[in-house]
Structures are given as C-alpha cells and as structure tokens.
Amino acid sequence: MTISRRIFVKSGGLALVSLGLDPLFLARAAFALDRPAVRPSDRPILVCLFQRGAVDGLNMIVPHGEPAYYQERPRIAIPASDVVDLDGHFGLHPSLAPLKELWDNKSLAAIHAIGSPDATRSHFDAQDYMESGTPGVKSTADGWVNRYCQHDREHADTPFRAVAFGPQLPRILAGSAPSLAIDDLQAFGLRVPQEAARDRLTRAFEELYDGAGTGLLASSSREGFDAVQMLKRADPTQYRPAAGADYPQGRLGKTLLQIAQLIKADVGLEIAFADCSGWDTHVNQGASDGQLSTRLRELGLALAAFNRDLGERMSNVVVLTMSEFGRTIRENGNSGTDHGHATAMLALGGPVNGGRVLGRWPGLGLEQRFEGRDVAVTTDFRDLFAEILARHLGATDLGTVFPGYTPSAARFLGAIRR
Amino acid sequence: MPLPLLATLCLLTSQAPAGSLTARDSAFHALNRLAYGARPGEADSVARSGVMKWIERQLDADHVSDSHLAERERDFTILEHDRADLAGRYRSAIRERRLMQREAAAHGDSMRLPAAGPMRELRELGGQLQQLAIVRATLSERQLREVMVDFWSNHFNVFVGKGADRFLLPSYIEETIRPRALGRFEDLLIATAQSPAMLFYLDNAQSVAPGSVPPFPLAALRRGGQGVRTLPKGINENYARELLELHTLGVDGGYTQQDIIAVARIFTGWSIQPPDRGAGFVFRDWAHDRGTKHVFGLTFRDDGKDEGIRLLAFLANQHATMHHVSAKLCARFVADEPPDGCIDAAVAAWQKTRGDIRTVLRAIFTSPDFWAPQAFGSKVKTPLEFVVSSLRATGTEPDDTPRLAQLVARLGEPLFQQPAPTGYAETEAHWVNSGALLARMNAAMMLAKDCASIPTIDDHSRLVDVIDEQLLGGTMSAHTRTVILNQLTDITDPEQARIMAVGLALGGPDFQRQ
C-alpha cells in the first residue's frame with residue numbers, strides 16, 4: 001500500500017472509509033511511511049509536570065502582600081523575610097530560589113488563581129478532569145494531549161512525538177494517537193543484557209513483523225524498531241549534562257535529565273509528560289522548612305538544572321507545572337492544609353512571557369473566596385493549556401482538543417511571547 | 001479426521017456456513033473468543049467432541065466442574081475477608097498513614113514512607129485481587145464466565161484507586177459481578193447501581209436533594225464519611241450521566257441534560273453505610289428528592305427507593321440499551337467493528353428473553369458473522385488476553401505472586417485500575433502502539449523460559465511444527481515459520497532453540513491475533 005501522507009491528509013480520510021477501511025488505521029499506516037531524513041531541532045517542545053496531590057499554591061507562589069495570608073496561616077505562612085520577592089506582592093517559596101534567575105531574565109512566569117470550573121475536591125476526579133481536559137465530564141475516553149496529537153497529525157512522523165515518563169501511559173496521553181510510556185530510557189527496547197544478542201533478537205522480531213502485512217501491528221512495530229534504532233544512535237548511556245548542570249537526586253531529577261537527553265537526541269520529541277508526587281500536605285506542611293519545602297527544593301533544583309543543561313535549546317521549550325487543585329487558605333488543626341480550589345502553576349522557557357505573575361488575582365478576603373474558604377478560580381486551566389497549544393505548538397483546532405469548550409484568544413493570559 | 005465446519009454448522013444452526021475452514025480452525029476460533037485461548041491439545045479435543053457442544057457447555061457454566069481452580073482459590077486470603085472486615089483494615093491503614101506522616105513531618109523527612117502493619121497488609125490484599133483474576137482466567141474450566149466477568153468489570157468499571165473503592169472493590173467483583181455474569185442484564189444493572197463500590201466511584205453516595213439535612217449530628221456524618229470533608233450539598237449527576245451514556249442507552253441514546261438531572265434526582269439518597277457499620281448499601285430517606293420527576297415518558301412520584309429500581313428495570317430493556325450493549329458484546333466476540341447481522345441477532349434474543357445474557361450470547365455464537373472466515377484471527381488480543389493465552393498455551397501454572405499482574409500492568413492494562421468509567425477498550429487501536437508491542441516481545445521472551453508444553457526437540461523443523469500445533473492451533477503463517485527457522489540455524493543447544501522459537505512465536509504477530 002503506498003498512500004503518502006499528503007494524499008491522506010488531502011482526502012481527509014473520508015473517501016477511504018467507503019472502502020471499508022478504518023481511517024485511523026490508514027492514517028497510522030500512512031504516517032509510518034516516508035519519514036523526513038533530517039529531524040528539525042527547532043521544533044517547539046512542551047514539557048508537562050503534574051504535581052499530583054494538589055500543591056499548596058499559596059506557599060509556592062506566596063502572596064506576601066496580603067495580610068489575610070498571614071492571619072489565616074499563623075504556623076505555616078512563609079515569613080516575608082524568607083520570601084524571594086518577585087513583584088512586591090508575590091514571591092517564591094525560599095526553596096524555589098534557584099528559579100529566581102529565570103524570573104529575572106524573563107523566562108519564568110507564574111500563573112495564580114488557576115484551576116477547574118468544577119468544584120470537586122476529590123484528587124481522583126480533579127486529576128481526571130485536568131488530564132481529560134473536560135471538567136465535569138467523566139466519560140471522556142482520551143486525554144487532551146492525545147487529542148492534540150490526533151488532530152494535528154502532520155507532525156506524527158516519530159514514535160517519540162509524545163512521551164510519558166513512567167511505567168504506564170497516563171490519562172492525559174491516553175487515546176488513539178500513538179504515544180510512548182518510557183520508564184527508563186536506557187532500558188527501552190528488547191531486554192537482553194548482551195548487546196549482540198539484543199541486536200539479533202531485535203532483527204528477528206523486526207523480520208517477523210515485516211511479514212505482518214499492512215495492519216496496525218505492522219506499522220506500530222515498525223515505529224517501535226525505528227525508535228530503538230534512533231535511541232541506539234543517540235546512545236543514552238553516554239549522556240552527560242551540559243554546563244555542569246546538577247540534577248538533584250531522586251525520581252524527578254532523573255526524569256528531567258532523561259527528557260533533556262531525548263530533546264538533545266533530536267528524535268522528534270514534541271510533548272513530554274512526567275509526574276511528581278508528595279504534595280498532599282494535610283499534616284505538618286511546614287513553612288520555610290519542612291515537608292512542602294523539601295518537595296519544592298527538589299522541584300526548583302530539577303527545573304534549574306534542566307534549564308542549564310538545555311542552554312540554548314530552551315529557546316523553544318516550555319515547561320509547565322500543573323496540579324489538580326489548590327489548598328485551603330486557612331491552615332488546619334494539624335498545621336497542614338486541606339483540599340481547596342484554585343492553585344498556582346509555573347511556566348518557564350524561552351517562549352514564555354516571563355517575569356510576571358499572570359492571571360487575575362481574586363484576593364483572599366472572605367467575600368472573595370470560593371465557598372468561603374478557598375482561592376477562587378479566575379483562570380480556567382483550559383485557557384492556559386489552549387494558549388500554549390496554539391501559540392507555542394501551533395495548534396489550529398482547539399475545539400476538538402477541548403470538546404464542549406470554546407477556547408478564545410481573548411481569554412489567553414499572554415503566557416507565550418508573540 | 002476432523003469433520004468439516006460445514007457439517008457441524010448445518011447440523012446445529014441450518015445457516016450458510018463458511019469456506020474451507022476445518023473443524024479444528026473453528027474450535028481454535030471459539031477457544032480464542034469464548035475462552036482465553038487454547039491449552040495444548042484443546043483445539044483438537046474440542047473439535048472432536050463438537051464445537052457447538054463445547055459452546056453449550058460453556059453457556060451452562062454452573063454445571064462445569066472447576067475443582068482445580070477451587071483449590072487454587074484457597075491460596076487467596078482476600079476471599080476470606082468480607083466488606084466490613086476490609087473496611088476496618090482500610091481505616092487502620094489510614095490511621096497508620098496519618099500517624100506516620102505526622103512523625104515524619106516532625107522529623108522533617110520527605111513523604112516517602114515505608115509501609116508497615118495495616119497499610120502493607122491492605123496493599124498485599126489489593127494485589128491479590130489482580131492476581132486472582134489472572135489465576136481464574138487461566139485455570140477456570142468455566143472460561144466463558146471468566147471472559148464475561150472481565151467484560152462486565154469493564155462495562156460497569158470501578159477504579160480501585162479511588163478512596164473507599166480500595167476496600168469496596170473485592171466485594172464488588174465477588175458479590176456483584178461474578179454471580180450475575182451470565183444472568184439477566186437487568187439484575188446485573190440493579191446490583192451495580194446498589195453496589196457501594198459504584199455508589200462511591202460515581203459519587204452517587206453523596207448525591208442529596210438540595211436543602212436536605214441529615215437527622216443526626218453533623219459530626220457523626222463527618223466521622224462516617226471517609227475522606228469526605230465537606231457535607232454534600234445537592235444532587236450529583238455523575239452516576240446518572242454514566243448510567244445513561246455507558247451502562248444503558250449509549251452516548252447516542254437520545255437523552256438530554258434534563259433527563260440526566262431527573263435521573264440524578266431519582267437516585268438521591270442511594271448511599272453507603274459508614275465503614276464502621278459495614279459500608280453496605282443504604283437508602284437515606286432524608287436525602288431523597290420527594291418531588292415529582294418526569295423522564296422518558298414515565299412519572300416518578302415520591303416512591304422512595306422503588307423509583308430507582310423501576311427506572312433501572314425500564315432502562316435495562318430499552319431498545320437503545322439492547323443495541324448498545326449487544327454491539328459491545330459483538331465487538332468483544334466477533335470484530336472491533338461488528339457487522340449488523342450479529343448485533344441484530346443479539347438484540348432479537350434480548351427482546352425475546354428480557355435480557356437473558358446466555359441467550360443473547362448464544363445468538364451471537366450462532367450468527368454467521370461469528371463464523372465468517374474474515375472474523376477468524378481478526379482481533380488483536382488485549383494485554384490481559386495476551387498474557388493469559390500465553391500461560392494457557394505454554395501450560396504454565398500461574399503462581400500467586402504479583403508478578404503476572406505486574407506484567408499485565410506493564411503491557412498497559414493494570415487490572416481494576418482504569419480511572420475512566422468507560423473501562424478498558426476492546427479495540428486494536430487502543431492496544432497496538434510501538435511501546436506496547438516492544439513490551440509484548442519482552443514479555444514473550446520471559447514467558448518462553450517457563451514454557452512447559454513444548455519439549456526440547458533436536459530437529460528444528462519438527463520443533464516449529466510442535467509450536468505451531470500447541471501454541472497457534474496450526475495457524476502459524478509461512479512467513480513466521482521461515483523467520484523462526486532461520487533464527488534457529490546456528491543454535492545448537494536444543495534448550496536455547498526451544499526458548500528462542502517459543503519466544504518468537506509468542507511475541508510475533510500471529511499470536512497477537514485471535
């Protein structure tokens with residue numbers, strides 16, 4: 001079968017359905033063919049970090065100019081003297097100090113009072129909505145990143161286009177567009193300790209699947225073997241971070257290092273996704289030091305190392321943190337915080353319109369709160385995601401990425417430089 | 001000499017039979033679809049005794065003896081704990097976690113804590129649930145019932161990782177799904193609606209009539225509501241929406257947002273007892289919306305819990321429901337895009353019997369679409385089907401460690417861990433991607449090492465013949481055969497040759513199909 005991508009895209013797939021062929025299958029079969037020989041290294045890249053467990057946005061991006069913040073948090077507020085001031089009203093948690101440099105060179109922005117229009121305080125539901133991109137609608141089968149990949153298949157010429165770091169594909173990447181879950185870059189491919197034996201087995205399976213005809217089994221296995229080859233050439237075992245970038249110990253540092261590797265290997269990565277957990281601070285959350293501080297220090301160091309490692313390459317990379325909701329304004333009886341509503345996110349990278357706290361700040365006064373207790377949501381997370389997809393990755397059909405919602409440029413925060 | 005399919009089918013169904021398929025091909029096809037694949041020699045033995053006879057026996061699962069499985073089930077202590085017991089363990093585990101968090105925070109440690117005592121116990125019990133599912137799928141003689149348990153567990157999906165569902169899921173599988181897997185759809189639907197696991201998963205447990213107030217102190221409710229920190233304030237539409245969209249009518253079932261709200265009002269008050277009182281189903285009169293609801297041409301007037309029961313019985317036998325569920329069954333048993341013929345046959349059987357699942361299945365298994373040559377080998381196995389069919393083909397007795405469940409999870413289908421209420425997909429497009437295929441090849445090489453059904457044979461050609469017979473029911477393609485033989489040419493150690501050949505056969509394209 002020799003369907004070129006161009007022909008398929010032109011015909012829109014509809015004509016082919018009448019032949020009784022599944023358009024999805026054809027699309028994927030078609031994209032398996034005719035790959036560009038040179039992979040552009042100037043392709044925009046998005047890295048998403050999901051802070052699972054609901055990060056306390058108020059202690060991450062501290063509204064130190066609000067008296068209510070200190071009144072409500074006698075034990076866990078970050079003292080103004082410790083806050084790394086950003087604009088006189090907001091400041092970074094001291095553990096995020098390594099990021100101040102990025103704020104100063106305008107490649108780091110914070111987005112405050114962002115969240116879901118759905119009021120749920122269940123981690124599970126809220127994470128689900130943030131990943132499906134359809135708050136309030138549970139039955140959405142795929143994730144918004146996957147839907148972006150589905151509608152914008154022009155770029156689907158590499159198995160590494162959308163990669164989740166972890167043992168399983170997360171909800172945000174679930175769906176019909178091909179995406180990879182990689183637990184460990186160095187162990188990707190067939191697991192045979194000896195290289196010669198591994199190459200031989202790889203070739204054997206390659207041959208087996210070459211005979212599988214034209215179906216999805218054949219095209220997907222082709223993609224898989226290509227991926228193995230590409231990684232082999234990139235040789236991830238030999239990787240050394242550039243510019244003395246020092247990733248912190250632990251899973252997050254390792255993951256960001258591998259994402260940097262994959263970006264520099266020029267294998268066509270467009271979207272990377274990773275989790276970092278430990279944000280559900282109900283008990284003894286701590287202030288300038290303590291539980292949350294430990295997690296934020298790891299995050300700050302890892303992001304700073306990633307930025308340093310990528311150097312010039314950051315000019316077309318955006319890193320976005322996200323979390324399912326924020327936490328209560330008032331500290332609880334256990335010196336912690338409970339499930340709240342709006343939270344804060346960070347965006348960094350060359351394309352980011354940095355040095356600013358974006359979004360309308362609703363204030364912490366009683367009458368300004370959501371349900372009398374939480375930071376109100378003034379930015380629907382879909383507006384930020386949509387802006388990044390449109391203005392950074394160049395998405396054109398946002399309606400299909402966020403069904404039931406019409407993203408509008410009028411609501412974009414200006415997070416991406418134009 | 002096996003009888004041609006023609007004769008078998010003509011005898012039993014008087015329908016036009018298919019081309020040049022042998023009785024063994026038909027038996028292998030039936031074993032792939034109604035069961036988790038053929039065990040060594042099973043395709044031949046089913047063909048000898050008659051494939052339709054075997055299908056009838058599978059439909060009549062209660063009369064199939066299953067003593068080996070019964071023996072193995074005794075290893076799984078989770079079956080000895082009822083819901084109340086697990087609820088108690090869950091509460092101890094939560095208490096333990098809070099205590100440890102408090103201590104760790106006091107010492108300024110990070111939150112990664114080693115599990116001990118109740119928490120570890122609960123986690124181990126949770127792991128048993130997945131492993132038990134694999135043991136049953138592999139060993140049960142009532143294969144069709146196991147296949148249907150998996151089907152309904154996905155149709156009525158509950159995510160084990162959501163709060164209280166960690167301890168509610170075992171009784172959901174054991175008491176709600178398993179006994180009704182081959183019963184009547186209406187009974188199954190009502191049982192899932194009343195199951196604490198579903199009530200928690202889709203939030204109906206917190207759905208109350210707006211303005212309703214519990215007749216007991218708020219503190220008591222707070223104590224009982226694990227993880228619920230605020231009082232429910234009104235109706236929650238989640239269950240109502242998924243009931244219509246996923247469980248019954250289907251997304252194109254012709255209902256409106258107003259219908260969803262009316263259905264949600266009907267189910268207000270369907271809730272769960274606090275964990276210290278057993279976490280069973282309870283109808284809370286005070287939370288029920290007593291107003292009159294009009295939906296689907298029916299009127300519900302202050303009739304308490306019976307409103308919901310009446311609505312479920314109505315929905316279970318709507319044409320849209322019959323069509324939606326029948327199409328899903330046909331996607332499972334016939335083809336990813338099932339032909340209309342088998343769906344219509346299933347719907348007709350449903351109408352005739354008010355949703356007797358056996359009769360509906362029989363209609364599918366006797367439809368020409370099921371036996372059409374293009375249906376044979378047309379479906380790609382799900383990760384669960386791939387692993388379990390490998391175990392069966394290689395004659396591997398699954399152990400009770402979490403190893404195999406972890407393997408199924410690595411291949412993308414962690415059992416009972418699908419967060420979306422859609423359950424896991426049935427179609428090729430969702431399971432076949434480059435990473436998943438590489439993972440299957442790795443799994444195949446691992447499983448090949450334990451293969452008990454293939455002896456070491458010096459003659460490579462003979463070895464590949466036996467593998468074709470035992471693992472692939474004689475359906476190995478000429479290409480696969482050539483590639484495997486080429487790979488063996490320079491391997492002199494017969495044990496190595498065996499592992500290589502079995503691994504390639506299991507990891508190759510032929511075995512991914514069913």
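Two strands count as paired when DSSP finds at least two bridges between them, and I start there because that cut-off decides how we read the small sheet in chain A. Please keep in mind throughout that what we are looking at is a predicted model.

In chain A, strand 3 and strand 4, the latter covering residues 91-92, run antiparallel and are joined by two bridges, so this couple meets the requirement of at least two. Within that couple, A:Asp85 stands opposite A:Gly91 of strand 4 of chain A. If we widen the view, we find an open sheet of three strands in chain A, with the order 2-4-3 and antiparallel pairing. Strand 2 (61-62) and strand 3 (84-85) of chain A each have a single partner strand and stand at the edges, so one side of each is left without a neighbour in the sheet.

Let me turn to where the two chains meet. How many residues of chain A are in contact with chain B? There are 43 residues of chain A, and they are in contact with 45 residues of chain B. On the side of chain A that touches chain B, the elements giving two or more residues are helix 7 (123-132), strand 7 (180-182), helix 9 (195-210), helix 10 (216-234) and helix 12 (291-310) of chain A. Of this side, the largest share comes from helix 10 of chain A, with seven residues. Sorted by class, the side of chain A that touches chain B holds 19 nonpolar, 15 polar and nine charged residues.

Now to chain B itself, for which the domain assignment gives domain 1 (1-59), domain 2 (68-183), domain 3 (184-334 + 337-376) and domain 4 (379-514). I would like to dwell on domain 2 and domain 3 of chain B, whose C-alpha centres lie 23 Å apart. Between them, 22 residues of domain 2 of chain B are in contact with 22 residues of domain 3 of chain B. On the domain 2 side of this contact, helix 6 (83-106), helix 8 (143-155) and helix 9 (165-177) of chain B each supply at least two residues. The classes on that side of domain 2 of chain B come to 13 nonpolar, four polar and five charged residues.

I will finish with three helix pairs in chain B, beginning with helix 2 (residues 23-34) and helix 3 (residues 42-49) of chain B, whose axes come within 8 Å and cross at roughly 115°. Helix 2 and helix 3 of chain B are therefore roughly perpendicular to each other, and their crossing is right-handed. Helix 2 of chain B contributes residues including B:Phe28 and B:Leu31, while helix 3 of chain B contributes residues including B:Asp44 and B:Val46. This contact of helix 2 with helix 3 of chain B divides into eight nonpolar, no polar and three charged residues.

The second pair is helix 13 (residues 238-247) and helix 14 (residues 257-266) of chain B, with axes that come within 8 Å and cross at roughly 120°. Helix 13 and helix 14 of chain B are therefore oblique to each other, and the crossing is right-handed. Here B:Ala240, B:Arg241, B:Leu243 and B:Leu244 of helix 13 of chain B make the contact with B:Asp259, B:Ile260, B:Val263 and B:Ala264 of helix 14 of chain B. By class, that gives six nonpolar, no polar and two charged residues.

The third pair is helix 16 (residues 319-333) and helix 17 (residues 340-353) of chain B, which pack at an angle of about 130° with their axes 9 Å apart. Helix 16 and helix 17 of chain B are therefore oblique to each other, and helix 16 of chain B passes helix 17 of chain B in a right-handed crossing. Among the residues that meet here are B:Met322 and B:Cys330 in helix 16 of chain B, and B:Cys342 and B:Trp350 in helix 17 of chain B. The contact of helix 16 with helix 17 of chain B has nine nonpolar, three polar and no charged residues.

Conventions
Residues are numbered from 1 along each chain as its sequence is written. Chains are lettered from A and ligands numbered from 1 in the order in which they are written. This is a predicted model: local features need pLDDT of at least 70, side-chain atom pairs count only at pLDDT 80 or more; totals for chains, interfaces and linings use all residues. Domain bounds come from an automatic or database domain assignment. Two residues are in contact if their C-beta atoms, placed from the backbone, lie within 7 Å. Helices (H or I, at least four residues) and strands (E, at least two) are DSSP runs, numbered from the N terminus. Ala, Val, Leu, Ile, Met, Phe, Trp, Tyr, Cys and Pro count as nonpolar, Asp, Glu, Lys and Arg as charged, and the others, Gly among them, as polar. Axes are lines fitted to C-alpha atoms, for helices over the stretch in contact, and angles run from 0 to 180 degrees between N-to-C directions. Angles under 35 degrees count as roughly parallel, over 145 as roughly antiparallel, 65 to 115 as roughly perpendicular and the rest as oblique. A crossing is left-handed if the near helix is turned anticlockwise from the far one by less than a right angle, and right-handed if clockwise.
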